[in-house]
Amino acid sequence: MKNKVFATANSGNNHIFAMNRISENKGNRSLKTMAKLLGVAFFVLQSSCFVACQDMFDTDSDRQIFDPDLGEKTDSMFYTLGILKGLQQVADQYVMTGEMRGDLVATNQYTETDLKRLANFTANDSCKYDSAYRYYRIINNCNYYVAHRDTMLHTGSRMVALPEYVEALAVRAWAYMQLCKTYGTVPFYTDPLVSIGDVSRSLPMKDLQGVCDELAPQLARYSGTPVPTYGNISAGVLNSSSSDNPQEKQVVSARAMLPVDLVLADLYLETHQYAQAARYYSKFLFDNKWQVRQGVALPTTSLYSVLGDKMPANLEFTITSGAFTWSGIFSVTGTNDIISYIPMAANRLRGQTTDLPRYFGYDFYSTTGGASQSNARFLLDRQIDASPAYLALAGSQAYYYTPAGSNTADPDVRQADIGDMRRYVCLEQVSKDDSLFQVMIKFNNANIPIYRTALVYLRLAEAVNRMGYPHVSFAILKDGLHSQLLDSLGNTRYLNAADSVFLHTTLPFYSAENINSFPNNWGIHSRGANYTGGRKSPYQLDSVVGSKLAELQRLHGITPTGTKADTINAMEDILCDELALELAFEGNRFGDLTRLARHKNREALYGSDYGSRWLAQKLAFKQPAVSLLDERNWYLPFK
């Protein structure tokens, strides 16, 4: 068995017992007392990050480090992999707290009690998905690394420890952000807790704004720092081959990291600092040249029997040259869409596993049916279904296509009311044990995406819209920000003069430096709706915004003001729909809804509590046990 690096914040092991005892304690305590008890558990950098045989983040080191001073160049990798192990341990909690309280999933007769309580807002401190401790364990590991790492170590002119140092800052900020989104206001500290004296002091309480104020300036100093990369690292994930045996698969280490600019942009977006959010989302895109490739969600032949008379006789499904099928974005071996993800092990002998495939109806860890997806692996007793709200949203979308024989130079574009195709890729209809049901298949590879290219562009669109540029925001959905939006004079074809200046200067996709960097940027909505680009597509801002305003009047009782603010608010709801269609079930939904609700409350266009009313109405079908008009009920009890 290979030796693992064992890193601890103090030389003794006599405090290890505290970690396990505290994590199992389900008692109801005050925040101050709980913070102290949690602090006791943080005396060690989580030893389980490093000591399990056949672990997920295995290294070839034959060396063990006890009470290290972080003075060696090689130490960084071992500590960073240990920090990433902490992300594995919050993966299921991250997805479940983000989705079960949102509007895209539903419980059923097989759903376990803790999930039902999350879904109806009755979760208490006995819920296994309510654990601030797991996030604080990550935070204290990062605190220790940041406090003790010598960032001035050089190899030649290269600062070899800097990428890992910045990664620790980014992961710490991400963990605090998840805590605040889950609990509202939380104990905050940036020094490592390594003694009784450290935890006896009173810790300050901070919300998202407070965390942003504390951490964003330091993150901004390291903007543009690339994530650490160690080439391939051994990971226990199931190979995509047809072999019946789980195989070790090499994970590109950089994909397991959180880019500092994306975490920083998220902090600014959560705190309504839209220009700063757009600045750092776009900087990441400019630095790394990530594009929204045309991931077309192609229906299967069974769709014809599902749609029946709704299927136009002359509809053709084609893929533009260079495009890929939408399901391909979930491959972590390519560069189609996934920027960062949490890779999980193929079995418990290889490291940390996940329950997410099983919850959604797929037995990933079974040897039945081989390694490839098969009907034998689908589970009737899945615990989570797609909600009626999700199915209705997807089903209400138009599909745009060019009829067979259309003029290819300037084609006509038709509209078919057959819905967004992404639902047919995301949900697979299964017939088993005399039952017909749907299984969500995004997690069939047991990898949990954190950042995808589409997510970054959608959050960029959210920030840009709130900055006062709804047409630019819509362009991200319709055409994508690429050079084909420009005419021969360099002017945008359908955006106004202010939008054009914005895209040449503030958000410089069309600057001389960047104009040719994004040739394959496609409209995100086209992934499910097909032919959204161009002047003849029925998918146009005025018509889509008009329909959305009418819907908001009907469902939320708004009275339009007749100003640009109406368009911005409607565009935000259009983005809310796109976030659901593109990112459903990945762990973002409740955080997206509450963030948008806070935007709306802050703007107060339709009243200072409009965001709360909007959120309560969206989730009314779940019959929550508490009033979501009260923002305090958006948070879980701190445990």
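**A hairpin**

Select Ser431 and Leu436. Leu436, in strand S15, is the bridge partner of Ser431. This is a predicted model, so treat each stop as a feature of a prediction. Now widen the selection to residues 427–432, which make up strand S14, and to residues 435–440, which make up strand S15. The two strands pair in the antiparallel sense, over six bridges. Two residues sit between the strands of this hairpin. Pick Asp433 there: its phi is positive, near 50 degrees.

**The whole chain**

Zoom out. The chain has 639 residues, and 60% of them are buried. Colour by secondary structure to see 23 helices and 16 strands. Take the contacts between residues at least 6 apart in sequence: 73% of them join residues at least 24 apart.

**The cores**

Next, select Met96, Trp174, Tyr176, Leu460, Phe509 and Phe585. These are the residues with the most contacts inside the largest nonpolar core, which has 165 residues. Add residues 162–183, helix H7. Helix H7 gives the most to this core, with 15 residues.

Stay with one of those residues, Leu460. What does Leu460 contact, leaving aside neighbours within four places in sequence? Show Ala278, Tyr281 and Leu285, then Ile476, Leu507 and Phe509.

Another core lies apart from the largest one. It has eight residues, including Phe364, Leu380, Val430 and Val439.

**Ring pairs**

Show the aromatic side chains. A search of the whole structure finds 26 aromatic pairs. Start with Phe121 and Phe590. How are these two rings arranged? Their centres are 5.7 Å apart and their planes meet at 55 degrees, so the pair is tilted. The pair links distant parts of the chain, 469 residues apart. Phe121 is in the loop between helix H5 (113–119) and helix H6 (132–148). Phe590 is in helix H22, residues 589–603. Both Phe121 and Phe590 are buried.

Move to Tyr129 and Tyr359. This aromatic pair is edge-to-face, with 6.4 Å centre to centre and 75 degrees between the planes. Tyr129 is in the loop between H5 and H6, while Tyr359 is in helix H13 (residues 356–359). The two are 230 residues apart, so this pair too links distant parts of the chain. Are these tyrosines buried or exposed? Buried means under 20% relative accessible area. Tyr129 has 4%, so it is buried. Tyr359 has 1%, so it counts as buried.

For a group of rings, select Tyr136, Tyr176, Tyr183, Phe188, Tyr189 and Phe638. They form one aromatic cluster.

**Charges over rings**

Select Lys564 and Tyr469. The charged end of Lys564 sits over the Tyr469 ring, 5.8 Å from its centre. Then select Lys600 and Trp614. Lys600 lies over the face of Trp614, at 5.0 Å from the ring centre.

**Thr594**

Keep Trp614 on screen and add Thr594, which lies in helix H22. The C-alpha atoms of Thr594 and Trp614 are separated by 9.9 Å, with their places 20 residues apart along the chain. Thr594 has a relative accessible area of 8%, so it is buried. Setting aside neighbours within four places in sequence, Thr594 is in contact with Leu615 and Trp634.

**Asn588**

Go to the loop between helix H21 (564–583) and H22 and pick Asn588. Asn588 has 6% relative accessibility, so it counts as buried. Which residues does Asn588 touch, not counting those up to four places away in sequence? Show Tyr94, Gly98 and Glu99, then Leu455, Arg459 and Leu583. With Tyr94 there is also a polar contact: the side chains of Asn588 and Tyr94 are joined at 3.3 Å.

**Pro228**

Last stop: Pro228, in the loop between helix H9 (208–221) and strand S6 (232–235). Its relative accessible area is 2%, so Pro228 is buried. Not counting residues up to four places away in sequence, Pro228 touches Pro163, Glu164, Glu167, Ala254 and Met257. Draw a distance from Pro228 to Ala256, 28 residues apart along the chain: their C-alpha atoms are separated by 9.5 Å.

Conventions: Residues are numbered from 1 along each chain as its sequence is written. This is a predicted model: local features need pLDDT of at least 70, side-chain atom pairs count only at pLDDT 80 or more; totals for chains, interfaces and linings use all residues. Side-chain values use heavy atoms; hydrogens and water are left out. Two strands pair if DSSP finds at least two bridges between them. Helices (H or I, at least four residues) and strands (E, at least two) are DSSP runs, numbered from the N terminus. A nonpolar core is a set of buried Ala, Val, Leu, Ile, Met, Phe, Trp, Tyr and Cys residues joined through side-chain atoms within 4.5 Å. Buried means under 20% relative accessible area, exposed over 50%, partly exposed in between (1.4 Å probe, protein chains only). Contact means heavy atoms within 4.5 Å. Rings of Phe, Tyr and Trp (its six-membered ring) pair if their centres lie within 6.5 Å; planes under 30 degrees apart count as stacked, over 60 as edge-to-face and the rest as tilted. A charge sits over a ring if NZ of Lys or CZ of Arg is within 6 Å of the ring centre and within 35 degrees of the ring normal. A polar contact is a pair of N or O atoms within 3.5 Å; within protein, one must be able to donate a hydrogen and the other to accept it, and residues adjacent in sequence count only if both atoms are side-chain atoms.
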